[in-house]
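Here are some exercises to work through with the model open beside you. Try each task before reading its solution.

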Amino acid sequence: MQLHRRIEDNHRESATPHQSFVMTRDRLQGLIICFIGVGAFVVLNIVPVWGDYFFNCGELVYAARLAASAQHALLNGDFPLQYANDYDVTLRPIFLYYTPTYYGIAGLTQIITGLEPYRVMLILITVMALSATCGTYFTTRLLGGGPVMSGLAAATLPISPYFMTDVFARGAFAELSAWAVFPWMAYCFIKFCCRPQMQSGLLFILTTGLLITCHKIFFPWAVIWLTMLGLFLFGFRRMLALSPHLILCGSAALGLTAPYWANAMLLGISLNIVNTLNDVAFWPLTANLSVFSPLSYLHPSLVGFKNFNLQLGPVIVLSAVASLFYFRNGQIRALVLTTAVIALFVCSFFNAFTFWRYLPVALLSIQIPYRLLMFAITFGTVAVGIVLTAVARDSRIYAYGIFCASLALLFASFWWRVDISHTHVSQFYNVDLANTGDAYFENDGPKPAVLNQAPLPRSLIKASGNSATAAISTIHGGPVVMPVQYSRRLTTLVNGKPSDISNSNGLVSIVLPAGTSNIYVQRDEPVGFVTGLGIAVALIMTLGFLVRRPSTQKLSEAGGSSEELPASS
């Protein structure tokens, strides 16, 4: 029986009241296990650091500062988030070019609760862990995992090695927000491939758009891995038949989020960060067998970092070994193979050949190969739930034995108590953006005659939204450098008249006459929200036309064969 037909049948089956009660109870069992898993994560990792000092993590203080900046922008009515204006340099498109989602939610939560950024960030870590866990659970259930085994597998996600590394070693909050969304994106993708309908299509578009605004560098890789999974699950013929629908969904998501990726892309190599994409960093950290090790491994170059684990973890590895006895199951085979291929990219194919430098820029934007562990662990955790379900049909003792052994190994080898730093939670205002903050500076444009001139004091500039104003007095006139980020998209008026500007190490340099000058600077992006929304609506209407009844019938006839979906138990 074809996979997509089996899933449709699972949702169409009529049930007696008693059967409905049993099904509801089963669903609740799995969700309760997920909540218990996230609760354990909170008790073990969040509660101990809920104090007056940051936990010890490299970029945590910078993230708290950016969260406070988002709060200030929202209070000033700057929505949707685009520019950060409360740093020493104004009109910085950090939200527009980096991520608006996590910091927007963090800023809104600060406004609602009155909590400082650090505690809001701890709350959001919990929310993101819960979202990733539940999304993984429902995806596992959709592919045939039993409620208990799916819940047990998903509950291990927050304590998986790389998730813990992302939170407590890296402080990669944009990546964590993408992780919170990706399992739901995978769920909607599989749902749509099983039965193309407008509802599942819209959900797929929304989750894809949310992933882009969380961290757009993951979008092209998400497309690649979901396509691979779809080919393994549904076959080439069905994926080919669905390709127009999926292209429309992806294009609509890109349209909805156009300002957050197109404006940066149009700047090309004039954006500093683009010039670093060809240099894929830190690939030697995983260019060995350590990714597949069920035990903790720390690369020698990371001796200064504690618990920087870049492994799939024992739960996934031991379940993958057990899956070899059930490889005839199409869902297990698809998920294990997809996880293995992603892991090979993580370890750069053990440096057997050089390939990163030859990839397109859109793929090189990932910058660090080990970031792909987000996908590998998500698919691997789904595979764990389905493998345990298959093992439980033969012997529940073996299923629980495999899970308990891998969980014990996970805690013994990977879990650690998070350290507390000496930085008080109120000291985040003392820092600037991470990595010197010049990644999104532009390097083109005319250069000033006077180089390396110190900028004017920040107190002279008033900035809000996409504009900045100042009244500056000079005795003799001449060039001055303003603490405003330079861009060729700036319009500058001096005493109401257009004025030329130049690029002084990423800041605006302008020649002023003697006396007092009233300066007005406004930044306008070429791709706006209305344009993107219009494109998205047109594409969604086209998708609605494609998923009409005759097309659906043709898709059913064109669907490729797959293994029968294991019955939920």
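## Exercise 1: a strand and its hairpin

Task: In this predicted model, decide whether the residues on each face of strand E8 (residues 501-504) are buried or exposed, then find the strand that E8 pairs with.

Solution. Start with the faces. In a regular strand the side chains alternate between the two faces of the sheet. On one side of E8 lie Ile501 and Asn503, on the other Ser502 and Ser504, and all of them are buried, so both faces are covered.

Next, look for the partner. E8 runs antiparallel to strand E9 (residues 507-512), and four bridges join the two. To fix the register, take Ser502: its bridge partner in E9 is Ser509.

Finally, inspect the connection. Two residues separate E8 and E9 in this hairpin, and Asn505 in the turn has a positive phi of about 55 degrees.

## Exercise 2: the edges of a sheet

Task: What is the strand order of the open sheet of five strands, and which strands stand at the edges?

Solution. Read across the sheet: the order is E3-E4-E10-E6-E7, with antiparallel pairing. Strand E3 (461-464) and strand E7 (497-498) each have a single partner strand, so one side of each is left without a neighbour in the sheet, and these two stand at the edges.

Now zoom in on one pair within that order. Strand E6 (residues 490-494) and strand E10 (residues 515-523) run antiparallel and are joined by five bridges. Here Leu493 stands opposite Tyr520 in E10.

## Exercise 3: the nonpolar cores

Task: Which residues touch the most other members of the largest nonpolar core?

Solution. This core has 153 residues, and Phe41, Leu372 and Phe375 touch the most other members. Helix H9 (residues 173-194) supplies the largest share of the core, 16 residues.

Then follow Phe41 outward. Leaving aside neighbours within four places in sequence, its contacts include Ile46, Ile125, Ala129, Pro158 and Phe168. A second, separate core has 17 residues, among them Ala470, Met482, Tyr486 and Leu490.

## Exercise 4: two packed helices

Task: How do helix H7 (residues 147-155) and helix H18 (residues 396-413) pack?

Solution. Take the geometry to begin with: the angle is about 10 degrees and the axes are 11 Å apart. An angle under 35 degrees counts as roughly parallel, and H7 and H18 are therefore roughly parallel to each other.

Now list the contact residues. Val148, Met149, Leu152 and Ala153 in H7 meet Arg396, Ala399, Tyr400 and Phe403 in H18. Sorted by class, the contact has seven nonpolar, no polar and one charged residues.

Note on methods: Residues numbered from 1 in each chain as written. Predicted model: local features only at pLDDT ≥ 70, side-chain atom pairs only at ≥ 80, totals over all residues. Heavy atoms only, no water. Buried < 20%, exposed > 50% of the residue type's maximum accessible area, 1.4 Å probe, protein only. Pairing = 2+ DSSP bridges. Core = buried A, V, L, I, M, F, W, Y, C linked by side-chain atoms within 4.5 Å. Contact = heavy atoms within 4.5 Å. Axes fitted to C-alpha atoms, helices over the stretch in contact; angles between N-to-C directions. Parallel < 35°, antiparallel > 145°, perpendicular 65-115°, else oblique. Nonpolar A, V, L, I, M, F, W, Y, C, P; charged D, E, K, R; others polar.
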